[in-house]
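Reader: Several labels are attached to this model, and I should like to see the grounds for each of them. Please take them in turn.

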Amino acid sequence: MTLHDKPISRTSLRRALAAVGLASALALAGCSSANDELSQRAQNDGTNYVAGDGSVQELAPQDRGEPVQFESTLFDGTAVGPERWEGEVTVINFWYAACAPCRVEAPDLADLHEEFSEEGVQFYGVNTRDTQPTAEAFERTFGIEYPSMEDRTGEVMLAMTDYVPPSAVPTTLVLDKQGRVSARILGIAEPGTLRALIDTALDEDSASNASASGDAARASAAAASLDAPTMEPARR
């Protein structure tokens, strides 16, 4: 798979800010997490935290694999499966309560969920360690309103290795409307970066719909032209 440099196409203020955030995150991606005091504390807190360096991997549409296929259960008992990841842009965040970087990014994820709710963007958490009371206490503390699934057995994380391995906690994935992984952030998801990645997935769908509408209009015009009666020249 190849990395794809994402063009920022919108002229809105939100997209302009997103571009700045993405550029900053990419510049920092090469920094070692060994120099990050927060990551060091997390690595040494006895929870076997695997540090991510904040690196961003973005996949061009032609480089994406098959739609993500896994099944799990949300903490409220609701079963979720592949049909949930199709039709809307989806953000999936791997986390657990004792993970210090997860706590850092949690308020931003809550804000982004609210920001994109009117555009139909779905957010789901994948909790890798906690019981339901611990997970719900974390969600109340940070104002997380989107649901999480329990994954202490590692089944979801294992299933994702067939697509783009999470390989660190936190990891955040963006799925396009076909349910394919379009981007991955290893480590803390900077809000400007994640906003830009979500906007890209939304823009792709808009561009696809515009192209399809144009093709349909051209086909309709061509059909009308073929069906139109031939006019004979007037006789003198």
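Author: I begin with a cysteine: Cys99 counts as buried because its relative accessibility is 0%, and the cut-off for that label is under 20%. The model is a predicted one.

Reader: What makes Cys102 count as buried?

Author: Cys102 has a relative accessibility of 2%, and buried means under 20%. The label therefore applies to Cys102 as well as to Cys99.

Reader: How do you know that Cys99 and Cys102 form a disulfide?

Author: The sulfur atoms of Cys99 and Cys102 are 2.5 Å apart, and the rule asks for a pair of cysteine sulfur atoms within 2.5 Å. The link is right-handed, with 80° about the S-S bond. By this rule the count comes to one disulfide. In general terms, a disulfide is a covalent bond between the sulfur atoms of two cysteines.

Reader: What is the overall makeup of the protein in helices and strands?

Author: The protein has six helices and eight strands. Read from the N terminus, the order of the elements is α-α-β-β-β-β-α-β-α-β-α-β-β-α. Of its 236 residues, 44% count as buried. Among contacts with a separation of 6 or more, 71% are between residues 24 or more positions apart.

Reader: Why is E5 called largely enclosed?

Author: Six of the six residues of E5 are buried, so the strand is largely enclosed by the rest of the structure. Both faces of E5 are covered: one side carries Gln122, Tyr124 and Val126, the other Phe123, Gly125 and Asn127, and all are buried.

Reader: What makes E4 and E6 partners of E5?

Author: Two strands pair if at least two bridges are found between them. E4 (residues 90-95) and E5 have six bridges, in the parallel sense, and Gly125 in E5 is the bridge partner of Asn93. E5 and E6 (residues 148-150) are joined by three bridges and also run parallel; there, Met149 in E6 is the bridge partner of Val126. Both pairs therefore satisfy the rule of at least two bridges.

Reader: Which helices take part in the β-α-β units that include E5?

Author: Helix H3 (residues 100-116) makes a right-handed β-α-β unit with E4 and E5. Helix H4 (residues 132-142) makes a right-handed β-α-β unit with E5 and E6.

Reader: Why is the pair of Phe138 and Phe142 called tilted?

Author: A search of the whole structure finds five aromatic pairs. For Phe138 and Phe142, the ring centres are 4.8 Å apart and the planes lie at 50°. Centres within 6.5 Å make a pair, and since planes under 30 degrees apart count as stacked and over 60 as edge-to-face, the rest are tilted. The angle of 50° is therefore that of a tilted pair. Both residues lie in helix H4, four residues apart, about one turn of the helix. Phe138 is buried, with a relative accessible area of 6%. Elsewhere, ring pairs link Phe70, Trp85 and Tyr124 into a cluster.

Reader: What makes Ser167 partly exposed, and what is notable about its phi?

Author: Ser167 has 46% relative accessibility and so counts as partly exposed, given that buried means under 20% and exposed over 50%. Its phi is near 60°, a positive value in a residue other than glycine. Ser167 is placed in the loop between H5 and E7. Pro170 has its place in the loop between helix H5 (155-160) and strand E7 (171-175), and the peptide bond from Val169 to Pro170 is cis, with omega near 5°. Most residues other than glycine have a negative phi, and most peptide bonds are trans.

Reader: Why is Pro191 called partly exposed rather than buried?

Author: Pro191 has a relative accessible area of 22%, so it is partly exposed; the buried label needs a value under 20%. Pro191 lies in helix H6 (residues 191-227). Leaving aside neighbours within four places in sequence, Pro191 is in contact with Asp108 and Leu112. The C-alpha atoms of Pro191 and Pro107 are separated by 9.7 Å, although the two are 84 residues apart along the chain.

Reader: Where is the confidence of the prediction lowest and highest among the elements?

Author: Helix H2 (residues 37-43) has the lowest mean pLDDT among the elements, 37, and strand E5 (residues 122-127) the highest, 98. Residues 1-13 have pLDDT below 50, and this stretch has 28 contacts in the model beyond near neighbours in sequence. Residues 209-217 also stay under 50, with one contact beyond four places in sequence. Where pLDDT is low, the predicted coordinates should not be read in detail.

Note on methods:
Residues numbered from 1 in each chain as written. Predicted model: local features only at pLDDT ≥ 70, side-chain atom pairs only at ≥ 80, totals over all residues. Heavy atoms only, no water. Buried < 20%, exposed > 50% of the residue type's maximum accessible area, 1.4 Å probe, protein only. Contact = heavy atoms within 4.5 Å. pLDDT = per-residue confidence, 0-100. Right-handed = clockwise from strand over helix to strand, strands pointing away. Phe/Tyr/Trp six-rings, centres within 6.5 Å; stacked < 30°, edge-to-face > 60°.
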